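Student: Could you take me through one part of this model closely, and then show how the rest of the fold is arranged around that part? I would like one connected account rather than a list.

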Amino acid sequence: MDSRNSWLRCCCLLVMIASMGAGTAPAQESNTIESDANDLLGPYRAAATERWEKDIAAFDGLNEQIEPSEDAILFIGSSSIRLWKTMEQDMAPYQTIRRGYGGAKFTDMAVFAERLITPHQYRAIVMFVGNGVSGKPDDHSPELIESLARQIVATAHEHRPNTPFFLIEITPTHSRFKAWDKIRKVNERLREIALTTPNTYFIATAGDYLRSDATPRKELFIKDQLHLNEDGYRLWAKIIRRRLDDILGTTITPSP
């Protein structure tokens, strides 16, 4: 009888040890992910905070004024998102939340990803960041941008698992066309993220903004030849809506 009790006690102890190990594994994994993010973003936090804190704080204020909606499409990104004043009309009947700021780079977006994303409940998230590669000596490498973009996607998926994340291809523009070969490499990295990450999708746009001779369509941009004009946004919306329709399974009546 004593030997049987000893055997049962041993079994119980082994189960407890296994249970403890299983319980600590996710915490260890979470700590590892957080540590990796800190290592990646550490060099950029101070500069991002100094330049963009007021903009992000303004978003914090806006978030308190809107009703949460799981049907909304959250748009985050740089100035092309910020300047899209007609987004609500262009993307109808999709509900939209617009959170774009200035000349943000992927470094800035990754630093503020949690504050931009986690206050919201959404049906899908769409991101466009057009900066970081412009033909200057301090351009970010495609490898760095891929790591940053993956970090942003991971933040979104941790907040809302199984919710689609869309990466918009960086648009070819006349003002930065000298860097187009480098930008194409970044686009290839973004496409690769979509191909290798569950619930992540690439929105190809470049072909629609190039002429038959493979140069940018200047008539789709404002005077600076960097930002879209009304026609450019209308075309962008058509492409984005079509991709959302495909993945979300909705049928949208095209805008005239």
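Tutor: The expected span of a helix is 1.5 Å times one less than its number of residues. The part to look at is helix 8 of this predicted model, which runs over residues 230–248. Its 19 residues should therefore span 27 Å, and the end C-alpha atoms, 26 Å apart, agree with that value.

The two ends of the helix can be described atom by atom. At its start, a side-chain oxygen of Asn 229 comes to within 3.1 Å of the backbone nitrogen of Asp 231. After the helix comes Gly 249, which has a positive phi near 75 degrees.

Within the first part of the helix, Glu 230 and Arg 234 form a salt bridge in which the closest N and O atoms are 3.3 Å apart. These two residues are four places apart in helix 8, so about one helical turn separates them. An α-helix has 3.6 residues a turn, so residues three or four places apart point the same way. Glu 230 counts as exposed, at 57% relative accessibility, whereas Arg 234 is partly exposed, with a relative accessible area of 38%.

Other residues of helix 8 are buried, among them Gly 232, Tyr 233, Leu 235, Trp 236, Ile 239, Ile 240, Leu 244 and Leu 248. The buried list also includes Arg 241 and Asp 245. Against these buried residues pack strand 1, helix 2 (79–82), helix 3 (87–90), strand 3, strand 4 and strand 5 (200–203).

Turning from helix 8 to the nonpolar interior, the largest core has 43 residues, and those with the most contacts inside it are Ile 76, Tyr 101, Phe 106, Leu 116, Ile 117 and Ile 152. Among the elements that each supply at least two residues of this core are helix 1, strand 1 (73–77), strand 3 (124–128), strand 4 (165–168) and helix 7 (180–196). Helix 6 gives the most to this core, with seven residues. A second, separate core of 25 residues includes Phe 75, Tyr 94, Ile 168 and Ile 203.

Leu 116 gives a view from inside the largest core: leaving aside neighbours within four places in sequence, Leu 116 is in contact with Ile 56, Phe 59, Leu 74, Ile 76, Arg 99, Tyr 101 and Met 109.

The charged pairs complete the picture, with nine salt bridges found in the whole structure. In one of them the side chains of Asp 60 and Arg 115 meet at 2.6 Å, N to O. Asp 60 belongs to helix 1 (residues 2–63) and Arg 115 to helix 5 (residues 113–117), so this pair ties together parts that are 55 residues apart in sequence. Both partners count as partly exposed, Asp 60 at 27% relative accessibility and Arg 115 at 29%.

Arg 211 and Glu 219 form another salt bridge, with 3.0 Å between the closest N and O atoms; Arg 211 is partly exposed at 39% relative accessibility, and Glu 219 is partly exposed at 36%. Salt bridges also join Glu 143, Glu 146, Arg 150 and Arg 189 into a network.

One loop residue may be added: Ser 134, between strand 3 and helix 6, is buried, with a relative accessible area of 15%. Not counting residues up to four places away in sequence, Ser 134 touches Asp 139, Arg 176, Lys 178 and Ala 179.

Note on methods:
Residues are numbered from 1 along each chain as its sequence is written. This is a predicted model: local features need pLDDT of at least 70, side-chain atom pairs count only at pLDDT 80 or more; totals for chains, interfaces and linings use all residues. Side-chain values use heavy atoms; hydrogens and water are left out. A salt bridge is a side-chain nitrogen of Lys or Arg within 4 Å of a carboxyl oxygen of Asp or Glu. Buried means under 20% relative accessible area, exposed over 50%, partly exposed in between (1.4 Å probe, protein chains only). A nonpolar core is a set of buried Ala, Val, Leu, Ile, Met, Phe, Trp, Tyr and Cys residues joined through side-chain atoms within 4.5 Å. Contact means heavy atoms within 4.5 Å. A polar contact is a pair of N or O atoms within 3.5 Å; within protein, one must be able to donate a hydrogen and the other to accept it, and residues adjacent in sequence count only if both atoms are side-chain atoms.
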